[in-house]
Amino acid sequence: LAIEGSGFTSQSRDEVRYFERALFLIDEHGMIQSVLQSDDEQYDAEKTQAQERGIYQAIAEGSYLLPGFIDLHVHAPQWAQDGTGLDEPLEVWLGKYTFPTESKFSDETYAHMVYGDLVSRMLSTGTTTASYYATVDRQGSLVLAQEANRLGQRALVGKVVMDDKEANPDYYRDASAQAAVRETERFINEVAELNEHSAQGIYPVITPRFIPSCSDEALRGLGELAARYQDYAYIQTHCSESDWEHGYAYERYGRSDTQMLREFGLFTERSILAHSVYPSEEDMRVFAETGAIAVHCPLSNAFFAGAVAPIRRFMDAGMHVALGSDISGGYNPDLYGAIRQAVTSSRMLETGVNRDAPAGERGVANSALTLNNAFYLATAGGGESLGLPIGRLEAGYAWDAQVVDAKYPSARLPIFGEAEPASDIFQKIVNLVVPENIRTVWVQGREVVNK
Ligand code: GUN
Ligand code: FE
């Protein structure tokens, strides 16, 4: 594949780079072999050769390439209840909305329908990699892995563990700690088998829902699995999600959930920790030392935490940070929404929202994220966090990309044809795009959306 076009990619946390009419040469494994600029010597020869071989594709004038987005926290079954229930606090919402919804996914026909719909929707808005929670039911969870694989999305998929008999309803929980660990191990192996036939990668994830749902025995058993399958299984859970959840760990153990997850062997460089709103300085050191990932879910945090995670401080402390939609604790299924929310939330953290306090004493200095920062989290930051060559349009990375149509008048973005700085076009795209503007999406060199 050879693709010629203009677009944007993160250069660093703070900088986005514009490239104009670059020629991307993509090999048979869907990896970017090289990127030629129009003044490169071989540019014309490579282009002509690609045209002759029928593998050349030009991105239209007024359309732009962006890297595919990486959404590291999605509850796939909750797509069926998306947009509802958010007036309730987390601990009520789980029992009233979420457990009844998730319990339906042992019906595989239903699972195929909802999961297929969500994966297509996410792909069509540019999300090329996602980390998913499925449900307690192993076979229903496997349907999610199959749907992602069939539709061509790179996916990390976990069977949810919630075995505690007191914390969980009888109609929706693991039968026992041993059963939870056994089913998780079986799931890991089934997904690993599926991955052998996958071009883009389908990875198993050890997924204790969060400490309040799980017995110590289950957490210990999952920690042992994490050690045994450390080469290809990831780990995900919720961490320091709200005052209630953060306080729960202190009450049960006298320590934070970060410290306890580490003790159970569940805090490694392959751990994907959703929310992480309240880590202490010591907890932040655990993140930085292990290389674990804090997944920022700004919309969901506004509801369940009523708080803003200090992402700039996390990055300065050397933590890996990525972005998540948290469907359906956050209702927006596209990562453009999460990018925008990350920026707006961070600005309110910086300046403060209590207008009765004197100006200058309302907020937390140095908290604001720029649009470039948030775009980095959705792309290169996610890729670096996972340790996978994704999230950048550069040689050595997978060809995971989206084409955004920004042409007046069809795209309905306020770009009126006069020469505008590329950085303004970038900002208009990231702030204003609607799903209809995203025309083509590739994952690992395979075209998965064309509209
Ligand atoms: N904490 C435990 N389970 C959940 C969930 O399903 N969604 C969110 N946002 N937080 C959780
Ligand atoms: Fe969540």
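Start wide: select domain 1 and domain 2 and look at their C-alpha centres, which sit 30 Å apart. The assignment, which is an automatic or database one, puts 2–67 + 393–450 in domain 1 and 69–386 in domain 2. Now colour the contact between them: 21 residues come from domain 1 and 25 residues from domain 2, where contact asks for C-beta atoms, placed from the backbone, within 7 Å. On the domain 1 side, pick out helix 15 (422–432), strand 15 (438–443) and strand 16 (446–450), each of which supplies at least two residues that touch domain 2. Helices (H or I, at least four residues) and strands (E, at least two) are DSSP runs, counted from the N terminus. That domain 1 side holds 10 nonpolar, 6 polar and 5 charged residues. In this classing, Ala, Val, Leu, Ile, Met, Phe, Trp, Tyr, Cys and Pro are nonpolar, Asp, Glu, Lys and Arg are charged, and the others, Gly among them, are polar.

Before going further, a note on what you have open: it is a predicted model, so local features need pLDDT of at least 70 and side-chain atom pairs count only at pLDDT 80 or more, while totals for chains, interfaces and linings use all residues. Residues are numbered from 1 along each chain as its sequence is written, with chains lettered from A and ligands numbered from 1 in the order in which they are written.

**The record's domain**

Select 64–448 next. An unreviewed UniProt entry lists this range as "domain: Amidohydrolase-related"; the positions follow the numbering used here, feature names are shortened, and such annotations may be inferred rather than shown by experiment. Over this range the chain is 42% helix and 17% strand, and its end C-alpha atoms are 17 Å apart.

**Around ligand 1**

Zoom to ligand 1 and show His75, Leu90, Leu94, Thr98, Arg209, Phe210, His238, Glu241, Ser300, Phe304, Asp326 and Gly329, which surround it. To be near the ligand, a residue needs its C-beta atom, placed from the backbone, within 6 Å. Which helix gives the most to this shell? Helix 2 does, with 3 residues. Helix 2 (90–102) and helix 10 (298–305) each supply at least two. By class, the shell has 4 nonpolar, 5 polar and 3 charged residues.

Keep His238 in view and add Pro212: these two are 26 residues apart along the chain, with 9.9 Å between their C-alpha atoms. Pro212 is in the loop between strand 9 (202–208) and helix 6 (216–228). It is buried because 22 other C-beta atoms lie within 10 Å. The scale uses C-beta atoms placed from the backbone: 20 or more others within 10 Å is buried, 12 or fewer is exposed, and in between is partly exposed. Beyond its neighbours within four places in sequence, Pro212 is in contact with Ala167, Glu245 and Tyr248.

**Into the core**

Hide the ligand and go for the largest nonpolar core, a set of 134 residues. Such a core is made of buried Ala, Val, Leu, Ile, Met, Phe, Trp, Tyr and Cys residues joined through C-beta atoms within 7 Å. Highlight Tyr132, Val157, Val295, Leu323, Ile339 and Ala378, the ones with the most contacts inside the core. Both domain 1 and domain 2 give residues to the core, so it lies between them. Centre on Ile339: setting aside neighbours within four places in sequence, it is in contact with Leu323, Ala374, Phe375, Ala378 and Val430.

From there, step to Thr379, in the loop between helix 13 (371–378) and helix 14 (380–386). Is Thr379 buried or exposed? It counts as buried because it has 31 C-beta neighbours inside 10 Å. Outside four places in sequence, its contacts are Ser10, Pro67, Phe69, Ile70, Gly391 and Arg392.

**Backbone oddities**

Most residues other than glycine have a negative phi, and most peptide bonds are trans. So where should you look for exceptions here? Try Ile327 to Ser328, a cis peptide bond with omega near 0°; Ser328 is in the loop between strand 13 (320–323) and helix 12 (335–351). Tyr408 to Pro409 is also cis, with omega near 0°, and Pro409 lies in the loop between strand 14 (401–405) and helix 15.

For positive phi, select Arg21 in strand 2 (residues 16–26), where phi is near 45°. Arg21 counts as partly exposed, with 15 C-beta neighbours inside 10 Å. Finish at Ser240, whose phi is also near 45°. Ser240 sits in the loop between strand 10 (234–239) and helix 7 (243–253) and is buried, with 24 other C-beta atoms within 10 Å.

Terms used: Contact = placed C-beta atoms within 7 Å.
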